[in-house]
Amino acid sequence: MTKRCWAVAVLVAAMLATAACGSDSSADGGSSTSAPGGQMVLATTTSTRDTGLLDTLVPAFEHAGKCSVKTVAVGSGQAIDLGARGQADVLLVHSPDAEKTFMAQGHGARRLAVMHNDFVLLGPPADPAKVSHAGGVVPALQAIADAKASFASRADDSGTNAKELKLWKQAGITPSGSWYIKTGQGMGPTLTIASQKRAYTLSDRGTFLATKNLDSKILVQGGQPLQNPYHVIVVKHSGTNVGCAQAFSRWITGAPTQRVIAGFGKRQYGQALFHPDAGAQ
């Protein structure tokens, strides 16, 4: 049995166990309780798609129950907006400030920690702005701006873009000018553009490892400012498929799925691409 097939088998067993526990009351979802079934829209980030994690999780969830999943992989800001407009049933996102606003506005029934990875600052191996010796990500950004070294920004309202802008603000800089390249694209394409233009960029580690043929290297990593947490949110809306959304939330935070997340990527990349967080709740 291949490692992916083993992972799917474990997740199928987890889903069956979850289903046996029954569904939650309507108080969590905003509509009447029913047995999980039908189509569920999962709005999530490009990083879960580009790393291949969705290729493991989604088929297993579908196979074990009666919920079919339509996945929309966009930036976290766009995913959260889909939830606010009732166009998604459940979110898997990584933009904490926007998530808290979403919950405070009453759009979410439940928000749970799922996993984390980290952001890394990448750049050309020659490191013309000498950011590897800057002493952290904020002084590294200051060095990039001072040198007017090319920097590729996703500029797409994603969780990564939100983190990048927050870091620029901490550095006391409003980036602009020809050196600041706004790609308007997801993480994978932005990494390719940064590599081609010998530009710096901010990426989640998992997507960087999963993207091939890049002439970029990690120059700054580690520390609390670069932590990247992901949460699952059950959307509160009159049209929400509450049963499937709640089932997915329970399942992805359940111990068997968390174990698979912990091992995801180790065989191919020599390290896990995500680290489970549900057990800490």
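**Exercise 1.** In which helix does Thr257 lie? State its burial and its contact with Trp251.

*Solution.* This is a predicted model, in which local features need pLDDT of at least 70, side-chain atom pairs count only at pLDDT 80 or more, and totals for chains, interfaces and linings use all residues. Residues are numbered from 1 along each chain as its sequence is written, and side-chain values use heavy atoms, with hydrogens and water left out.

Step 1. Thr257 belongs to helix α11 (residues 255-263); helices are DSSP runs of H or I with at least four residues, strands are runs of E with at least two, and both are numbered from the N terminus.

Step 2. Thr257 has a relative accessible area of 0%. Thr257 is therefore buried (under 20% relative accessible area, 1.4 Å probe, protein chains only).

Step 3. A polar atom of the Thr257 side chain lies 2.8 Å from the backbone oxygen of Trp251.

**Exercise 2.** Which cysteines does the disulfide join?

*Solution.* Step 1. The structure holds one disulfide, defined as a pair of cysteine sulfur atoms within 2.5 Å. The partners are Cys67 and Cys244, with S to S 2.0 Å.

Step 2. Cys67 is in strand β2 (residues 67-74) and Cys244 in helix α10 (residues 242-252), so the link ties together parts 177 residues apart in sequence.

Step 3. The angle about the S-S bond is -95°, making the link left-handed. Both Cys67 and Cys244 are buried.

**Exercise 3.** Which residues of α6 meet α7?

*Solution.* Val137, Val138, Leu141, Ile144 and Ala145 in α6 meet Leu167, Trp168 and Gln170 in α7, where contact means heavy atoms within 4.5 Å.

Terms used
Buried means under 20% relative accessible area, exposed over 50%, partly exposed in between (1.4 Å probe, protein chains only). A polar contact is a pair of N or O atoms within 3.5 Å; within protein, one must be able to donate a hydrogen and the other to accept it, and residues adjacent in sequence count only if both atoms are side-chain atoms.
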